[in-house]
Amino acid sequence: MIEIRVQPGDFDPAIELARLEALGGGAVASFVGQVRGDGGLTELFLDHYPAMTDRMLRALADEAAGRWPLIGVVLIHRIGALGAGERIVLVATASAHRAAALESCAFLIDRLKTDAPFWKRERFGDRSHWVDAREADDVAADRWRRPD
């Protein structure tokens, strides 16, 4: 089971994890990302190009399922205006063994940060700016890339 959703509304991690647990694999790993309120951030706005985003998230989930023996993957990413503390992303994987669930979950969040085409604008009071790529995210994602 692979489920991918890009949506403006919130999600309930407990419901999503229960769905993976019901598959009976033995191990479920997850990551929930939240909007940080650093420096007085009042809003994080996420935009995307739906066809491109869907294709990339599907490719990442398929790659994870090809590298680890997964029985389930859930990727949920929110779009639109979000406030500090709101949930922004859920990555969850299920497998028969913990190592596969943990490693695939780490792979997906690291690659999602660099490969998924989301554009982020931070607002601080009356000023805002588009967020540039971060070198630390590239380094984290690079550890999962296979040589061609």
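Two exercises with worked solutions follow, based on a predicted model.

**Exercise 1.** Determine which residues, elements and residue classes form the lining of the largest pocket.

*Solution.*

Step 1. Begin with the volume: the largest pocket holds about 760 Å³ of space.

Step 2. Identify the residues. The lining comprises 28 residues, and those closest to the pocket centre are Lys113, Lys120, Val131, Arg134 and Asp137.

Step 3. Assign the lining to secondary structure. At least two residues each come from β2 (27-34), β6 (87-95), α3 (98-115), β7 (118-124) and α4 (135-142). Strand β7 makes the greatest contribution, namely five residues.

Step 4. Sort the lining by class: 15 residues are nonpolar, nine are charged and four are polar.

**Exercise 2.** Establish the strand order of the open sheet that contains β7, and explain why β5 and β8 each have one side without a neighbour in the sheet.

*Solution.*

Step 1. Write down the order. The open sheet consists of four strands, arranged β5-β3-β7-β8 with antiparallel pairing.

Step 2. Examine the ends. Because β5 (80-82) and β8 (127-130) are edge strands with a single partner each, one side of each lacks a neighbour in the sheet.

Step 3. State the twist. On average, and with direction ignored, neighbouring strands of this sheet are turned by 20° against each other.

Step 4. Consider the pair β3 and β7. Strand β3 (residues 43-48) is joined to β7 by six bridges in the antiparallel sense. Opposite Lys120 of β7 stands Leu46.

Step 5. Connect the two exercises. Lys120 is also among the lining residues closest to the centre of the largest pocket.

Conventions: Residues are numbered from 1 along each chain as its sequence is written. This is a predicted model: local features need pLDDT of at least 70, side-chain atom pairs count only at pLDDT 80 or more; totals for chains, interfaces and linings use all residues. Side-chain values use heavy atoms; hydrogens and water are left out. On a 1 Å grid over the protein atoms alone, a cavity is a set of points where a 1.4 Å probe fits but cannot get out, and a pocket is an open set with protein on both sides within 12 Å along at least five of seven lines; lining residues have an atom within 4 Å of a point. Grid points are joined across faces, edges and corners, and a volume is the space filled by probe spheres set on the points. Ala, Val, Leu, Ile, Met, Phe, Trp, Tyr, Cys and Pro count as nonpolar, Asp, Glu, Lys and Arg as charged, and the others, Gly among them, as polar. Two strands pair if DSSP finds at least two bridges between them. Axes are lines fitted to C-alpha atoms, for helices over the stretch in contact, and angles run from 0 to 180 degrees between N-to-C directions.
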